[in-house]
Amino acid sequence: MENCIFCKIIAGEIPSTTIYEDEAVKAFLDISQTTPGHTLVVPKKHVADIFEYDQTLAASVFERIPKIARAIKASDSSIKGMNIVNNNGAIAYQSVFHSHFHLIPRYSSKDDFKMIFVDNSANYKQEKLTQIAAQIKKQF
Ligand code: AMP
Ligand code: ZN
């Protein structure tokens with residue numbers, strides 16, 4: 001894919017600090033290093049976002065994530081947990097439109113990664129949840 005920064009990284013045309021690579025994925029340090037060890041796992045096949053994965057590609061990428069996550073965690077005893085984040089669409093904070101998974105090691109509640117889940121449960125009765133679920137279920 002022309003003009004895709006991650007395709008250029010995969011092709012070796014742009015340097016990256018790679019931690020793992022095989023025929024299906026490349027994993028390299030995110031330049032932002034939100035926390036130390038912040039890594040991107042990127043499929044070698046160009047797909048823009050999660051909505052473009054077929055089952056085979058999804059299986060090959062997802063099956064590799066746990067071992068990459070374990071290696072990062074094992075690399076530093078001060079890593080206590082990890083957030084795995086996948087942004088899809090500009091509205092969802094995606095800025096590079098070659099799909100990727102952020103592996104963000106967590107060191108403490110005061111490190112530099114934040115996520116906010118607002119609790120709207122008071123506004124959702126069961127009837128509303130059932131209606132939302134029915135709308136989704138008929139799309140499969
Ligand atoms: P997202 O906002 O989810 O699309 O994430 C894109 C990520 O790519 C950001 O966290 C950037 O810091 C990272 N990034 C952009 N260019 C590079 C690069 N050349 N090498 C490593 N990471 C990059
Ligand atoms: Zn690409």
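This report walks through a predicted model of one protein chain with a ligand beside it.

## The overall layout

Let's start with the big picture. The protein chain has four helices and five strands. If you follow the sequence from start to end, they come in the order α-β-β-β-α-α-β-β-α. The C-alpha atoms fill a box of roughly 50 × 35 × 25 Å along the principal axes.

How much of the chain is tucked away? Of its 140 residues, 17% count as buried. Now look at contacts in the chain between residues with a separation of 6 or more: 56% of them join residues 24 or more positions apart.

## What the record says

UniProt, in an unreviewed entry, places "domain: HIT" at residues 5-115. That span is 22% helix and 23% strand, and its end C-alpha atoms lie 26 Å apart.

The unreviewed UniProt entry also puts an "active site" annotation on H100. So where does H100 sit, and is it buried or exposed? You'll find H100 in the loop between β4 (81-85) and β5 (101-106). H100 counts as buried because it has 24 C-beta neighbours inside 10 Å, and the cut-off for buried is 20 or more. Leaving out residues up to four places away in sequence, H100 touches F6, L40, V41 and V42.

## The nonpolar core

Some of those names turn up again here. The largest nonpolar core has 14 residues, and those with the most contacts inside it are V25, A27, L40, V41, V42, F101 and L103. Four elements each supply at least two residues of this core: α1 (5-10), β2 (25-29), β3 (39-43) and β5. As a general rule, nonpolar side chains tend to be buried together in soluble globular proteins.

Take V25 as an example. Setting aside neighbours within four places in sequence, V25 is in contact with V41, V42, P43, K44, V61 and R64. V41 and V42 are on the list of core residues with the most contacts, just like V25.

## A hairpin to find

Next, try spotting the hairpin made by β1 and β2, with three residues between the two strands. Strand β1 covers residues 18-21, and its pairing with β2 is antiparallel, over three bridges. To get your bearings, look for E21, which stands opposite K26 in β2.

## Around the ligand

Which residues surround ligand 1? The shell consists of I5, I14, S16, D30, I31, S32, L40, N87, Y93, Q94, S95 and V96. By type, this shell divides into six nonpolar residues, five polar and one charged. L40 is worth a second look: besides being part of the shell, L40 touches H100 and is listed among the core residues with the most contacts.

## Two backbone angles to check

Most residues other than glycine have a negative phi. Here are two residues with a positive value.

N3, in the segment before α1, has a phi near 60° and is not a glycine. With 6 C-beta neighbours inside 10 Å, N3 counts as exposed, since the limit for that label is 12 or fewer.

Q33 is not a glycine either, and its phi is about 40°. You'll find Q33 in the loop between β2 and β3. Is Q33 buried, exposed or partly exposed? With 13 other C-beta atoms within 10 Å, Q33 is partly exposed.

Definitions and conventions: Residues numbered from 1 in each chain as written. Chains lettered and ligands numbered in written order. Predicted model: local features only at pLDDT ≥ 70, side-chain atom pairs only at ≥ 80, totals over all residues. UniProt positions renumbered as here; feature names shortened; annotations may be inferred. Near = placed C-beta within 6 Å. Nonpolar A, V, L, I, M, F, W, Y, C, P; charged D, E, K, R; others polar. Contact = placed C-beta atoms within 7 Å. Core = buried A, V, L, I, M, F, W, Y, C linked by C-beta atoms within 7 Å. Pairing = 2+ DSSP bridges.
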